[in-house]
Amino acid sequence: MAELIVISTLNGILFGMLLFLLSSGLTVIFSMMGVLNFAHASFYMLGAFFGYQLTRWIGFWPALVLAPLLVGAVGMAVERYGLRNTHKHGHVAELLLTFGLAFAIEEIVSMIWGKSPMDYRIPAALDFPAFTVFSTNYPAYKIFMLVVSVVIFVALLITLKRTRVGLIVQAALTHPSMVGHLGHNVGRVFMLVFGVGSALAGLAGVIAGPSLVTQSDMAALLGPILFVVIVFGGLGSLPGAFIASLLIGLIQTFAVALNGSLASVFGPLDPSLGPSPLTDIWNVTIAQVAPILPYVLLVLVLIFRPMGLLGTRES
Amino acid sequence: MTNPVTTATAATKDESGGTLSFYGIWLIAAVALVVLPLIFSSGGSLTSFSLIGISIIFALSYNILLGQTGLLSFGHAVQYGLGGFLAVHMMNAVASYDWPIPLPVIPLIGGIGGLAFATLVGWVMTKRAGTVFAMISLGIGELVASSSLILRSVFGGESGITTDRTALPHIFGWTFGPQLQVYYLIAFWVMISAIAMYALTRTPLGRICNAVRDNPERVEFIGYDPHVVRYFAYMFAGFFAGIAGGLTAINFEIANSAYLGATQSGLVLFAAFIGGTAYFFGPILGAILVTYLQLGLTNVTSVWQLYFGIIFIGIVMFAPGGIAGILMKHRPLIRARTLGTVIPSYLVAALPTLALVLGIILSIETVARYTASEGEGNVINLVGIPFVATAPTTWAVAVVLVVGGFLIARVTWRRVAEAWDRAATVARDRGYLA
């Protein structure tokens, strides 16, 4: 049991940090531009596929740098030529544009790379067990993922809180027109923030690709969970997104690891009852419920605290 | 959050044409629904008409949310799917307990299923509009779709639940075995639902929905609660989506968890938005087009969904009013008889635009076939000319078409805009709003 707790906590924090790499960009873009970027998880997927392709061509380490830059460039192009032109039609049109993009990116990826999982392997330099907890070998690559996420997190924090660029970004979050009046090119700030957010998502894709599955449906699987994270944490709140990412990461990981069901706690139902919704619920394991837990959390939060965990505004 | 995409009024009734032409349109629609299968009587076209009919109801129900009330939902298929499941369970129950319920009533049961779920979750969901609503609808959609795989006894797991529509009591000697009879059943419900949904837009509730879409704050000042109005709109949309789901269950004699999924929700959004959400008939056009493309393109290309995405992105960026918006834009010009001055510029713009479109299609098909299958099946037949996907000449043609088409099209469309401005000015001077 202790082993399960330690391993699941490590995995949960890891998954949570990955979620935060994505949700931080998403929530900053949202609070700055009012656009909920539906294609954010698609940038994550692009990162994984670019990472896979570049790894095959030039190796993992150059890919780790190049793929996020490429994804960031795609993101900037989307902002500059897509969103900026759609802005005049309102937020719903912008949201729909990113929705269409997410759809198109998934189709393009499955058109080029096919629908089956890619053979995206952990680089040989990191393919060894880092340490042994009880009897489980913990892979070094996961430690590497954790380190990268934490480094990015700290760098992001310092950039936002301690540098001049961060100051302008923070100001543009709440008072975009005032920042414009002070002589800053708000449009370019938006484009850069969008690019950095996309690049972070791309980076998450590159490092998560070998560990999780690199497949054309990975965006559709992760996207809704990201929205849960930023609603749960409070729209536009970075600390909220951080807490929500870790929380959902831990909950998901623990739920997958646990195999209990109501039947295993209270004993099986009388078999003469036959199949019914009750027997379904009685026999379902916690692991099977894991995919729906984030959405249950979402509904609960919306009922009891509509502004989210640390959010200040309702919408 | 206001919704400028749909700020145009939803009125489609022709003010000057009077009631005669208004009822005439409905009458023509009804006659067309009756006559269509007599003209195109092959099995394939009957199936297509049935699917188009269902998707018309579904898209119209979606437009109660997006077009009328300004609620962008990413989970509308939940009500559709649950309606379908309830209809299937009802059909099985009717067949096994010999209840005197004929098949034509079953879609109503589906509607009640959609309504029940909308009533249950709607109150929490419609607290806020805009982006928050969009995200919640997505979350609820995922929640229901994932839960449906757990509750196997209700949703039948991955294989779904089957039924037999002919096992229900027959009325007027109709067994509903042949597709033609099913088509007429669907056509009947299309007509009823379309009239009901149009009538809904003319009621005070429909009007206040539009007000909530455009300015919820002012609605509060005149004494209505936007939350309650949104809740009502959500319930109505759920009801009609459930009817569409019930009809699908009858048509396919099966309900499975794909009905509830994100793909279905995405397709109805595409249909409504491509058709145009600002006018009542927009989603009808969209539903016809999207279903037709879906059925037609699957035979021609393996990446038909990509074309959907591109058409959708194009509409969002360049014509947020959808097809209906484009058509209705021309109405003042036709009335002012200035449309003739715009048409030449259209014709000039058409050629490079066509080249651009062909270039995009050629590029996509080249990539798709180059990566998919080496050797076999890599010949693209575009407007009668065969292109080999692996040949550099094909790539060159594609690049020339895309780049050249884009550069020239940009110039010609600027000309169109200028001609349009002149025509609109004349129309405005003659007293027609443009």
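**Exercise 1. The hairpin of chain A**

Which residue in E2(A) is the bridge partner of A:Val133? Describe the pairing around it and the exposure of the first strand.

*Solution.* The model is a predicted one, in which local features need pLDDT of at least 70 and side-chain atom pairs count only at pLDDT 80 or more, while totals for chains, interfaces and linings use all residues. Residues are numbered from 1 along each chain as its sequence is written, and chains are lettered from A and ligands numbered from 1 in the order in which they are written.

Step 1: the bridge partner of A:Val133 in E2(A) is A:Thr136, and A:Thr132 stands opposite A:Asn137 in E2(A). Strands here are DSSP runs of E with at least two residues, helices are runs of H or I with at least four residues, and both are numbered from the N terminus.

Step 2: strand E1 of chain A is joined to strand E2 (residues 136–139) by four bridges, and the two run antiparallel; strands count as paired if DSSP finds at least two bridges between them.

Step 3: the hairpin of E1(A) and E2(A) has two residues between the strands, and A:Phe134 takes a positive phi near 50° there.

Step 4: a residue is buried if 20 or more other C-beta atoms, placed from the backbone, lie within 10 Å of its own, exposed if 12 or fewer, and partly exposed in between. Of the five residues of E1(A) (residues 129–133), the number buried is zero, so the strand lies largely in the open.

**Exercise 2. Two chains as globules**

Compare the radius of gyration of each chain with the value that the globule rule gives, and add the content of helices and strands, the burial and the contact range.

*Solution.* Step 1: the radius of gyration is taken over C-alpha atoms, and the globule rule is 2.2 Å times the number of residues to the power 0.38.

Step 2: chain A has 14 helices and two strands. Its radius of gyration is 21 Å, close to the 20 Å that the rule gives for 315 residues, so chain A is as compact as a globular protein of that length. Its C-alpha atoms fill a box of roughly 75 × 50 × 40 Å along the principal axes, and 45% of the 315 residues are buried.

Step 3: chain B has 17 helices and four strands. Its radius of gyration is 24 Å, which agrees with the value near 22 Å that a compact globule of 434 residues would have. The C-alpha trace of chain B spans about 70 × 65 × 45 Å along its principal axes, and 46% of its 434 residues count as buried.

Step 4: two residues are in contact if their C-beta atoms, placed from the backbone, lie within 7 Å. Among contacts in chain A between residues at least 6 apart in sequence, 76% join residues at least 24 apart; in chain B, residues 24 or more positions apart account for 79% of the contacts with a separation of 6 or more.

**Exercise 3. The contact between the chains**

State how many residues each chain gives to the contact, and which helices of chain A contribute.

*Solution.* Step 1: the contact takes 43 residues from chain A and 41 residues from chain B.

Step 2: helices H3 (60–86), H4 (91–113), H9 (218–233), H12 (277–283) and H14 (293–304) of chain A each supply at least two residues of the side that touches chain B, and the largest share, 14 residues, comes from H4(A).

Step 3: that side of chain A has 29 nonpolar, eleven polar and three charged residues, where Ala, Val, Leu, Ile, Met, Phe, Trp, Tyr, Cys and Pro count as nonpolar, Asp, Glu, Lys and Arg as charged, and the others, Gly among them, as polar.

Step 4: H9(A), one of the contributing helices, has 16 residues and reaches 23 Å from its first C-alpha to its last, close to the 22 Å expected at 1.5 Å a residue, the expected span being 1.5 Å times one less than the number of residues. H9(A) is mostly covered, with 14 of its 16 residues buried, and A:Gly234, which follows the helix, has a positive phi near 105°.

**Exercise 4. Domains and a glycine of chain B**

Describe how the two domains of chain B meet, then place B:Gly156.

*Solution.* Step 1: the domain assignment, which is automatic or from a database, gives domain 1 (8–329) and domain 2 (334–429) of chain B. Their C-alpha centres lie 33 Å apart, and four residues of domain 1 are in contact with four residues of domain 2.

Step 2: B:Gly156 has its place in the loop between helix H6 (152–155) and strand E1 (161–162) of chain B. With 19 C-beta neighbours inside 10 Å, B:Gly156 counts as partly exposed.

Step 3: leaving aside neighbours within four places in sequence, B:Gly156 is in contact with B:Ile161 and B:Asn256. B:Gly156 and B:Asn256 are 100 residues apart in sequence and 7.1 Å apart in space, C-alpha to C-alpha.
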